[in-house]
Amino acid sequence: MSTGVHLLTALIPGSFDPPTFGHLDIVGRAVRRFDQVVVGVAGNARKDSPLFSRQERVEMLLEVTSDLDRVVVESFDGLLVDFAARHGVGAIVKGLRAVSDFDYELQMAQLNFRLSGIETFFVPTAPEHSFLSSSLVREVASYGGDVSSMVPAAVVRRLKERFS
Ligand code: PNS
């Protein structure tokens with residue numbers, strides 16, 4: 001039996017274009033359950049052209065997680081499972097908002113398990129955030145709507161700059 005200390009690192013991957021209170025809720029809850037949390041910003045996510053550059057998304061996440069210990073933010077290219085292996089990740093953590101998220105998330109979880117043996121753990125989104133998505137936030141902000149209850153102040157600022 002191993003007597004070494006076993007630290008469990010969770011990876012929370014996504015596009016984070018931009019990060020929302022929903023994302024932040026999942027990061028905060030993962031920090032309470034795992035020894036370290038890596039937030040992985042996909043540089044090549046299947047999005048045509050992101051509103052924010054990879055660098056901007058990383059900067060926003062660093063700002064909004066600055067009060068959380070044991071959180072690392074990094075961007076990655078290529079396969080999620082390769083990034084996970086480089087960081088010694090023991091679990092992928094994803095938030096589930098509604099049944100509509102489930103099909104795609106299940107498929108990704110099973111694919112990632114087939115590729116690498118890494119388990120994905122699903123966390124139910126807090127009900128107050130269950131309608132939230134980065135794409136809705138982008139749309140509302142693009143028309144000058146108030147998104148201050150949906151994203152942290154640092155993100156509101158960036159959205160205002162982008163759409164001013
Ligand atoms: O926030 P999103 O856009 O739903 O996140 C999707 C993401 C980034 C987790 C997914 O597209 C991904 O893992 N991309 C990395 C490339 C990869 O590993 N693809 C195979 C699994 S879908």
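1. Two strands count as paired if DSSP finds at least two bridges between them, and it is in that sense that the pairings below should be read. In this predicted model, strand E1 (residues 9-14) and strand E2 pair in the parallel sense over six bridges, and within that pairing Pro13 stands opposite Gly40 in E2. Between the two strands the chain passes through helix H1 (residues 21-31), and the resulting β-α-β crossover is right-handed.

2. The sheet as a whole is open and is formed by five strands in the order E3-E2-E1-E4-E5, with parallel pairing. Its edge strands are E3 and E5 (119-124), each of which pairs on one side only. From one strand to the next, the twist averages 30 degrees.

3. Strand E2 (residues 36-42) deserves a closer reading, because six of its seven residues are buried and the strand is therefore largely enclosed by the rest of the structure. Apart from its pairing with E1, E2 is joined by six bridges to strand E3 (residues 71-76), and these two strands run parallel. A reader who wishes to follow that pairing in the model can start from Val39, which stands opposite Val73 in E3.

4. On the other side of the strand order, strand E4 (residues 91-96) and E5 pair in the parallel sense, again over six bridges. Ala91, which lies in strand E4, stands opposite Glu119 in E5, and the C-alpha atoms of these two residues are separated by 5.3 Å although they are 28 residues apart along the chain. Ala91 counts as buried because its relative accessible area is 0%, where buried means under 20%.

5. The loop between E1 and H1 calls for a check of the backbone geometry. Most residues other than glycine have a negative phi, and most peptide bonds are trans. Phe16, which is found in this loop, has a phi near 50 degrees, a positive value in a residue other than glycine. The peptide bond from Asp17 to Pro18 is cis, with omega near 5 degrees, and Pro18 likewise has its place in the loop between E1 and H1. As for its surroundings, Phe16 is classed as buried because its relative accessible area is 2%.

6. A positive phi is also found at Arg70, where the value is about 65 degrees although the residue is not a glycine. Arg70 is placed in the loop between helix H2 (54-64) and E3. With a relative accessible area of 43%, Arg70 is partly exposed, whereas Phe16, at 2%, is buried.

7. Which residues form a nonpolar patch on the surface? They are Leu79, Leu111 and Leu115, which together have about 280 Å² of accessible area. Leu111 has its place in helix H4 (residues 99-116). At 48% relative accessibility, Leu111 counts as partly exposed, because the exposed class begins over 50%; for membership of a patch, however, the cut-off is over 30% relative accessible area, so the partly exposed label of Leu111 and its place in the patch are consistent under these two cut-offs.

Definitions and conventions:
Residues are numbered from 1 along each chain as its sequence is written. This is a predicted model: local features need pLDDT of at least 70, side-chain atom pairs count only at pLDDT 80 or more; totals for chains, interfaces and linings use all residues. Side-chain values use heavy atoms; hydrogens and water are left out. Patches are made of residues with over 30% relative accessible area and no salt bridge: like charges are joined within 9 Å, nonpolar side chains (Val, Leu, Ile, Met, Phe, Trp, Tyr) within 5 Å. Accessible areas come from the Shrake-Rupley method with a 1.4 Å probe; for residues, only the protein chains shown count as cover. A salt bridge is a side-chain nitrogen of Lys or Arg within 4 Å of a carboxyl oxygen of Asp or Glu. Helices (H or I, at least four residues) and strands (E, at least two) are DSSP runs, numbered from the N terminus. Buried means under 20% relative accessible area, exposed over 50%, partly exposed in between (1.4 Å probe, protein chains only). A crossover is right-handed if, with the strands pointing away from the viewer, the path from the first strand over the helix to the second runs clockwise. Axes are lines fitted to C-alpha atoms, for helices over the stretch in contact, and angles run from 0 to 180 degrees between N-to-C directions.
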